[in-house]
Amino acid sequence: MTYSLTTPLYYVNAKPHLGSVYTTLACDALARFQRLEGQDVVFITGVDEHGQKIQRTAETQNISPIDHCDRISALYSDLWTRWHISNDRFVRTTSPRHLPLVQAFFQRCEAAGHIRTGHQEGWYCVDCEEFKDDPADAKAPDCPIHRKPLEWRDEENLFFCLSQFQERIETLIADPQFIAPASRRREIENFVAGGLRDFSISRVNVSWGLPVPGHPGHTFYVWFDALLGYLTALLDDGGAVDLDRLADIGWPADVHVIGKDILRFHAVYWPAMLMSAGLPVPKRVFGHGFLTREGQKMGKALGNVLDPEILLERCGTDAVRWYLLRDIQFGEDGDFQQQRFMDLVNNDLANTIGNLLNRTASMSRKWFEASLPPVSPDVRSEHPLKQPTEQTIERVRQSIPALAFQDAAEAVLQLAIEANGYLNEQAPWSLMKQPGHEEKVGDDLYAVLECCRVIGLLLQPLVPGLSSRILAQLDQRPSDDGWTQALRWGQLEPGVGLPKPEPVMQRLELESPL
Ligand code: MSP
């Protein structure tokens with residue numbers, strides 16, 4: 001089965017920031033999980049390169065738009081390589097394959113009678129690339145999001161007849177599966193209940209855009225072009241740019257993961273466009289929350305933007321992945337706090353999980369000839385730690401596909417806490433001093449190491465580097481296939497040699513602000 005998922009296609013007006021890293025890491029965890037579950041995954045990311053915002057950014061730098069796009073696109077793709085993002089596609093909306101797709105799609109909408117010409121006037125925010133037509137917004141001389149002056153626009157445009165989709169969109173969003181998390185649905189319900197209005201899909205004064213076929217002088221509105229990037233990405237499999245092929249190669253997307261600010265485009269405009277073109281709508285749109293830093297909105301003005309390069313260099317991928325996925329409920333807003341970041345990484349990963357493995361492996365090596373203990377078959381089928389381990393596996397397997405990464409991370413951590421508690425209660429270091437308890441000690445050490453093995457496997461999608469290091473300490477490798485089989489209790493081979501223990505997670509010591 002194909003499982004396709006997407007990050008937003010990031011604007012190339014500026015360098016990547018923590019927000020883009022956040023979404024991409026979450027998608028990467030989901031993609032890795034689905035691969036382990038045996039799905040044929042197509043994980044799509046990429047960049048959105050047209051429109052006035054980007055044209056203006058290039059102008060201010062005195063370079064051509066395409067040179068600017070090439071530069072920032074490369075920053076994104078290099079960054080994802082260095083963060084070990086496992087994307088299958090990286091789509092650029094300036095790619096030669098994208099234009100014929102956008103034009104063919106438009107022609108379908110036009111043939112279906114959903115395109116008209118019309119007059120559009122109103123306040124426009126170039127940074128949002130959006131008319132601010134809500135009464136509350138329209139009065140504001142500044143964009144309420146970007147705090148920059150709105151620009152008055154009065155032009156002839158092509159319109160997409162969104163109003164014709166009122167009922168179909170109402171039915172779509174009434175499906176509780178479609179918009180996630182549930183808390184975000186209300187906003188879209190209100191917007192749709194206000195009555196859907198046709199929206200303009202072309203511009204006459206923007207040269208940095210794709211030409212609309214049959215309408216000289218018009219270029220496509222950047223959002224019309226950008227959303228279609230998801231389809232171009234899927235079709236970028238070596239085959240023809242043919243909309244009729246999509247059903248066989250992963251369309252509809254299983255989930256579009258986006259920030260809450262662009263939910264309306266994905267949950268209303270995009271499905272209507274697809275319906276018009278006779279294509280299925282995405283199965284789910286997940287709108288995650290926004291990140292602040294130490295309680296403040298991140299922005300150039302405040303000088304508090306967190307640079308993903310610095311984060312990567314000073315902290316490494318595992319620490320950042322763990323912190324973001326474990327501390328913030330995906331879907332809700334979150335705050336990046338440096339002290340808490342260090343505390344969680346050090347407590348959860350270095351102390352709780354790392355030390356559990358380290359001390360248990362050390363005891364096993366010390367008392368059982370540098371090997372795993374030679375345990376009885378009973379322990380491999382039954383032990384007090386078996387049930388909590390199985391419950392953890394179940395919780396992780398339910399949470400990640402629902403994008404509840406925090407639940408998954410907490411479940412794994414809980415298992416480590418439980419195994420640590422068990423070890424402390426049984427106190428093998430005392431038992432070992434009393435004759436005749438060697439077997440019991442061996443059984444318990446084996447069981448705790450078995451928990452560690454499962455923890456290592458379950459961490460694979462969340463913190464892949466740490467996962468490999470944990471498994472390597474047990475002479476195991478991450479599973480590429482056969483995850484389900486590997487997750488069964490009792491797979492460690494008794495008596496097998498154990499490598500010399502090494503810390504699996506370096507403590508994070510950040511003396512200066514990131
Ligand atoms: N180009 C459009 C998306 C087109 S999708 C076909 C776009 N790009 S963006 O670069 O401006 O934003 C990309 C994503 O970053 C959005 O999902 C947005 O919500 C997210 N974020 C921007 N700032 C953010 C935070 N501070 N925190 C979390 N995510 C944030 O919109």
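This report covers the ligand site, the domain layout and some backbone details of one chain. The model is predicted.

**Ligand site**

The ligand is surrounded by 20 residues. Leu-9, Asp-48, Gly-259, Asp-261 and Leu-291 are the closest. By class, the shell holds 12 nonpolar, six polar and two charged residues.

Three elements each supply at least two residues of this shell: strand S1 (2-11), helix H8 (222-227) and strand S11 (255-259). S1 gives the most, with four residues.

Polar contacts of the ligand include the following.

| Ligand atom | Protein partner | Distance |
|---|---|---|
| Nitrogen | Leu-9, polar backbone atom | 2.8 Å |
| Nitrogen | Asp-48, N or O atom in the side chain | 2.7 Å |
| Oxygen | Gly-259, polar backbone atom | 2.8 Å |

How much of the ligand does the protein bury? Taken alone, the ligand exposes 670 Å². The protein buries 90% of that area.

The table can be set beside the secondary structure. Leu-9 falls within strand S1, which spans 2-11. A polar backbone atom of Leu-9 lies 2.8 Å from a ligand nitrogen. Gly-259 ends strand S11, which spans 255-259. Here a backbone atom pairs with a ligand oxygen. At Asp-48, the side chain provides the partner atom for a ligand nitrogen.

**Domains**

The domain assignment of the chain gives domain 1 (2-289) and domain 2 (337-486). Their centres, taken over C-alpha atoms, are 43 Å apart. The contact between them takes 11 residues from domain 1 and 14 residues from domain 2. About 1100 Å² is buried between the two domains. Carbon and sulfur atoms give 73% of that buried area.

**Backbone details**

Most peptide bonds are trans, and most residues other than glycine have a negative phi. Which bonds here are cis? One is the peptide bond from Ala-180 to Pro-181, with omega near -10 degrees. Pro-181 sits in the loop between strand S7 (179-180) and helix H7 (185-193). Another cis peptide bond joins Trp-251 and Pro-252, with omega about 5 degrees. Pro-252 belongs to the loop between helix H9 (229-235) and S11. S11 is also one of the elements that supply the ligand shell.

Glu-369 is not a glycine, yet its phi is positive, at about 55 degrees. Where does Glu-369 lie? Glu-369 is in the loop between helix H12 (338-367) and helix H13 (377-381).

Conventions
Residues are numbered from 1 along each chain as its sequence is written. This is a predicted model: local features need pLDDT of at least 70, side-chain atom pairs count only at pLDDT 80 or more; totals for chains, interfaces and linings use all residues. Side-chain values use heavy atoms; hydrogens and water are left out. A residue is near a molecule or strand if one of its heavy atoms lies within 4 Å of it. A polar contact is a pair of N or O atoms within 3.5 Å; within protein, one must be able to donate a hydrogen and the other to accept it, and residues adjacent in sequence count only if both atoms are side-chain atoms. Accessible areas come from the Shrake-Rupley method with a 1.4 Å probe; for residues, only the protein chains shown count as cover. Ala, Val, Leu, Ile, Met, Phe, Trp, Tyr, Cys and Pro count as nonpolar, Asp, Glu, Lys and Arg as charged, and the others, Gly among them, as polar. Domain bounds come from an automatic or database domain assignment. Contact means heavy atoms within 4.5 Å. Buried area is the accessible area (1.4 Å probe) that two parts lose on being put together, summed over both.
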